[in-house]
Amino acid sequence: LASRDFHPDNTTITVGDHVIGGSEPTIIAGPCSVESLEGIIDIAHAVKKSGAQLLRGGAFKPRSSPYSFQGLGEEGLQYLASAREATGLGIVSEVMEPGLVELVAEYVDVLQIGARNMQNFALLKAVGRTNKAVLLKRGFANSMEEWLMSAEYVMSEGNPNVILCERGIRTFETYTRNTLDLNAIPVVQHLSHLPILVDPSHGVGNSRYVTPMARAGIASGAQGVIVEVHPNPAEAWSDGAQSLNLDQFAEMAKQVRQTHTLV
Ligand code: PEP
Ligand code: MN
């Protein structure tokens, strides 16, 4: 179902009034974690003004340590829904377990499957039974073939609305958190009709390198970017080091649009 052999034309996925895979590059922005109602509403207004069409924010967080902040849970989802009401931006948020799919789907427009859950087959099947778009991140140790098979899990349950997202893979390199595998963009586009985005924030792990890699992702053919943005990255409750501040995000969005006109 994900293969281009059976579906030669590119798939587009409409979320609210934005078309992913359409003529404009998709820009999804927001904090790693939702922290407060006022905070997420302020970020939503700011990123919308700079050109984001969708708002991201984690409410259920897959943290490496059980002692780290795990997200606000349903309260975070309620704040995201308020931010949608305030701005009209569609909402992207991660769901980590099959039992929570129904709950998260009540609040969001796009269900994110995180890198750590790319092969959680029960979860893939559960989101496949919803009618929400699914942002399927590539696992940091998964091949492109495994990734496309995970898309197949979602689609074979009846949900065709899968958006792929390259977010970096693990390599021997230590100067960056991961290595954003831009090879995946043309390869996956050759093999599949699904739209594909890049996440340079998790790909590099350092805000200094996010904008160049966002540009590179668009130059390689990605249909958009998802990036972490926080008004005060040093104070962010998670992933502050890789979060752009509001001015840096505005500049990145401008460069993404410029780069897109050249592709
Ligand atoms: C995130 O988007 O904040 C996240 C946890 O991403 P990933 O699953 O790619 O690590
Ligand atoms: Mn994050």
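What covers the buried residues of α4? Let me start there. The cover includes α3 (101–107), β6 (110–113), β7 and α5. Keep α5 in mind, as we will come back to that helix.

First, some background. This is a predicted model. How confident is the predictor? The mean pLDDT of the chain is 98. At 70 or more, we find 100% of the residues. The model scores are ipTM 0.99 and pTM 0.98.

Now the overall build. The chain has 9 helices and 10 strands. Its radius of gyration is 17 Å, and the globule rule gives 18 Å for 263 residues, so the chain is as compact as a globular protein of that length. Along the principal axes, the C-alpha atoms fill a box of roughly 45 × 40 × 40 Å.

What about the inside? Of the 263 residues, 48% count as buried. And the contacts? Take those between residues at least 6 apart in sequence. Of these, 68% join residues at least 24 apart.

Back to α4. Which of its residues are buried? They are L123, L124, A126, V127 and G128. You have already heard what covers them: α5 is on that list, and so is β7.

Next, α5. This helix runs over residues 144–156, which makes 13 residues. From first C-alpha to last, α5 reaches 18 Å, close to the 18 Å expected at 1.5 Å a residue. Its buried residues are W147, L148, S150, A151, Y153 and V154. Look at the numbering in that list. An α-helix has 3.6 residues a turn, so residues three or four places apart point the same way. Try that on the structure above: start at W147, one of the buried residues, and find A151 and V154, also buried.

And what covers this helix? The cover of the buried residues of α5 includes α4 (121–128), β7 (133–137), β8 (162–166) and α6 (184–191). So α4 appears in the cover of α5, and α5 appears in the cover of α4. After α5 comes G158, with a positive phi near 115 degrees.

Another positive phi sits at D239. What is its value? Near 55 degrees, and D239 is a residue other than glycine. D239 is in the loop between β10 (224–228) and α9 (246–262). Is D239 buried or exposed? Buried, because 20 other C-beta atoms lie within 10 Å, and 20 or more is the cut-off for buried.

Now the ligand. Which residues surround ligand 1? They are C32, G58, P62, G114, A115, R116, K137, R167, D199 and H202. By class, that shell has 3 nonpolar, 3 polar and 4 charged residues. H202 comes up again in a moment.

Four more residues, quickly. Start with N178, in the loop between β8 and α6. N178 has 18 C-beta neighbours inside 10 Å, so it counts as partly exposed. Leave out residues up to four places away in sequence, and N178 touches F140, G168, I169, R170, H202, G203 and G205. There is H202, from the shell around ligand 1. How far is N178 from V162? They are 16 residues apart along the chain, and their C-alpha atoms are separated by 23 Å.

Next is Q70, in the loop between β4 (54–56) and α2 (74–87). Q70 has 17 C-beta neighbours inside 10 Å, so it is partly exposed. Not counting residues up to four places away in sequence, Q70 touches K61 and R63. Q70 and V134 are 64 residues apart along the chain, with 22 Å between their C-alpha atoms.

Now A216, in helix α8 (residues 207–219). A216 also counts as partly exposed, because it has 17 C-beta neighbours inside 10 Å. A216 and L182 are 34 residues apart in sequence, yet 8.0 Å apart in space, C-alpha to C-alpha.

Last, E85, in helix α2. Is E85 buried or exposed? Exposed, because it has 11 other C-beta atoms within 10 Å. The cut-off for exposed is 12 or fewer. E85 and I41 are 44 residues apart in sequence and 9.4 Å apart in space, C-alpha to C-alpha.

To close, return to where we began. Find α4 in the structure, then look for α3, β6, β7 and α5 in its cover.

Note on methods. Residues are numbered from 1 along each chain as its sequence is written. Chains are lettered from A and ligands numbered from 1 in the order in which they are written. This is a predicted model: local features need pLDDT of at least 70, side-chain atom pairs count only at pLDDT 80 or more; totals for chains, interfaces and linings use all residues. pLDDT is the predictor's confidence in each residue, from 0 to 100. Helices (H or I, at least four residues) and strands (E, at least two) are DSSP runs, numbered from the N terminus. The radius of gyration is taken over C-alpha atoms; the globule rule is 2.2 Å times the number of residues to the power 0.38. Two residues are in contact if their C-beta atoms, placed from the backbone, lie within 7 Å. A residue is near a molecule or strand if its C-beta atom, placed from the backbone, lies within 6 Å of it. Ala, Val, Leu, Ile, Met, Phe, Trp, Tyr, Cys and Pro count as nonpolar, Asp, Glu, Lys and Arg as charged, and the others, Gly among them, as polar. The expected span of a helix is 1.5 Å times one less than its number of residues.
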